[in-house]
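Please open the model in a viewer and keep the selection panel at hand. The tour below proceeds from one selection to the next.

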Amino acid sequence: MMTKSFVLSALCAVSAILPSLAAAQFLAESSVPLEQKEILEKLKDLHLGGDHENLMPSDERIASLQQELSTIFAALPKNSRGALRLSTARYLLHRLFVQRHGWHFKGLAPEGDTWDSISPGDVLAQRAPEAIAALFRKKHDISLADLAALAALLENMVHSEADVRLAAAFNALEFPLAAQLSLNESTAVLETYMASFVMGSDARELRRDAVTSRATMLKKLEEVVEQYPTWPNTQAFLQMIREEVTPEMVNFSFPALSAVVAEAGERYGRWQSQECSELKHQLLQHEEHPNTGRVRLSDFYGMALHGGHWQFSESVAYLRQLGALDESDPEVLRVIVPNYILGPSNCIASSGYFAVCCIDECDAKLQSLETTLGKSKASPPAIISALNATIGGALERKLWDVAEHHGGEVPLHGRLFAQWLHHLYPQECPFPHMSGTINPLHPDLFEEEVGQSVGASQEEMMQHLEAAKWRKAATFEDGLCSNMWTMEEELVDPFSSHTSQRAAGGALRGLALATAVGSLAVTLGKLMMTLRPESWKSSTPKVYSV
């Protein structure tokens, strides 16, 4: 699998010496035809039993996901075969699960890293059968059909884990798995299940020892009432889902309740996003200037000390590590609202595969643009026309700067355009930091790894309140929400820019050089193929439970 992060690093190093390495990538892609037998067909040939027999997705589910993916897929940069490179596939899967379910899947969310730091197929490596993981591990790129199959597999893996948690709930309440439960008994089982989910129990631990599992489940059920203020709303949500999935049912079997928890898991993220909306509303009531998406740190702490909003008390160090701190004016620190809302500190449930976090409102803005334009890059006039929005003069000039940086058109799937969208929609779109400059951690992990408290002390918060200066007029340019702007680019598909430059440059630059570069690529490929997969080391991006 030549697209592992260290392979990409090697390719990038060579590209610094031979600028036409992108041509070698193009030649390599063109010389390898699309596989005659798609992943979907190969999956059907596998005969899995035991715990894995329910992993295989149905044709209907794959078709539904393929339809859902198709619009964004059409607008993404592709290789010469019309398929997505692995970094772009990971990006698309992440967007799919966040918008579809509010799931931040482990291994898909970048968490401060680049999109090409890991292959999306590696998400399967730890828990899927090796036969399935191997199919995706060998892929150099992913077609739309393959991507839909992978998405369906990941969802089925989640459902399989949910059944483990449901079985633990049966065990905790001493019901046999073959039991037919009454309405009240099914309510008790579902609430025991959900308490374990929102409190972050590891499903793998729940299946190892029945006695320990029972104690854990009952403890979580007791704790959730005290630690989760909106638990009554969650109970009502569960009842609603059960009534929809099992209408007029009197006795409830394990398969019936399995269907309920599967549906609840898929819809919970969007349902609970109302809590995120409430947080955002509270913050924007203290927005420093209209439509800047920023709250002065002194006002942020004032809400905790005097407004009764105790949750707004994170330390400067933690806010900085989240990427939620605007330090463009050192005298007046500001909290960036969308970065704060989308941070791991606001994820409120988890499984072994994902954390349930706030829905990214910016994605809807981008998807609307993708639908209108239908391609991965466009000219500034085309983008402005498609947005149908009022754009300040300075912000429009920034868009032209991005286009000039890329030779005339703006790539829609890169850091610079995401930065531009942040200034256009500062209340919805997060500021995109360069990879490696932030490392969002769940509060518990931050305290463990950094050795500092997540929360600011009352004394620290008071210092910021007392030192707060009088509000002053905005000093940033027309149309911008802050002075945070850099011309540093990171593309979802780094090779796409090389491909465009090659196309613009036109002709071959010499058969000898092309042959030499092609030979180098082949040699590098052979070298990587001699390495054992077990020896590959990749740092899986972390998503942490609450």
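Select helix α17 together with its surroundings: in this predicted model, the buried residues of α17 pack against α16 (362–373), β9 (377–378), α18 (393–405), β10 (410–411) and α19 (415–424). Within α17, which spans residues 380–387, the buried residues to highlight are Pro380, Ile383 and Leu387. Turn the view to look down the axis of α17: its buried residues lie within an arc of 65 degrees and therefore line one face of the helix. In general, an α-helix has 3.6 residues a turn, so residues three or four places apart point the same way. Next, select Asn388, which follows α17 and has a positive phi, near 55 degrees.

Move on to helices α8 (residues 183–198) and α12 (residues 254–284), whose axes come within 11 Å and cross at roughly 40 degrees. The two helices, α8 and α12, are therefore oblique to each other, and their crossing is right-handed. To display the contact, select Ser186, Val189, Leu190, Tyr193, Met194, Phe197 and Val198 in α8, which meet Leu257, Val260, Val261 and Tyr268 in α12. By character, the residues of this contact between α8 and α12 comprise 10 nonpolar, one polar and no charged.

Finally, select Asp122, located in the loop between β2 (103–105) and α6 (130–137). Is Asp122 buried or exposed? Asp122 counts as buried, because its relative accessibility is 14%, under the 20% cut-off. Add Phe136 to the selection: Asp122 and Phe136 are 14 residues apart in sequence, and their C-alpha atoms are 8.1 Å apart in space.

Methods. Residues are numbered from 1 along each chain as its sequence is written. This is a predicted model: local features need pLDDT of at least 70, side-chain atom pairs count only at pLDDT 80 or more; totals for chains, interfaces and linings use all residues. Side-chain values use heavy atoms; hydrogens and water are left out. Helices (H or I, at least four residues) and strands (E, at least two) are DSSP runs, numbered from the N terminus. Buried means under 20% relative accessible area, exposed over 50%, partly exposed in between (1.4 Å probe, protein chains only). Axes are lines fitted to C-alpha atoms, for helices over the stretch in contact, and angles run from 0 to 180 degrees between N-to-C directions. Angles under 35 degrees count as roughly parallel, over 145 as roughly antiparallel, 65 to 115 as roughly perpendicular and the rest as oblique. A crossing is left-handed if the near helix is turned anticlockwise from the far one by less than a right angle, and right-handed if clockwise. Contact means heavy atoms within 4.5 Å. Ala, Val, Leu, Ile, Met, Phe, Trp, Tyr, Cys and Pro count as nonpolar, Asp, Glu, Lys and Arg as charged, and the others, Gly among them, as polar. The arc is that of the directions from the helix axis to the C-beta atoms.
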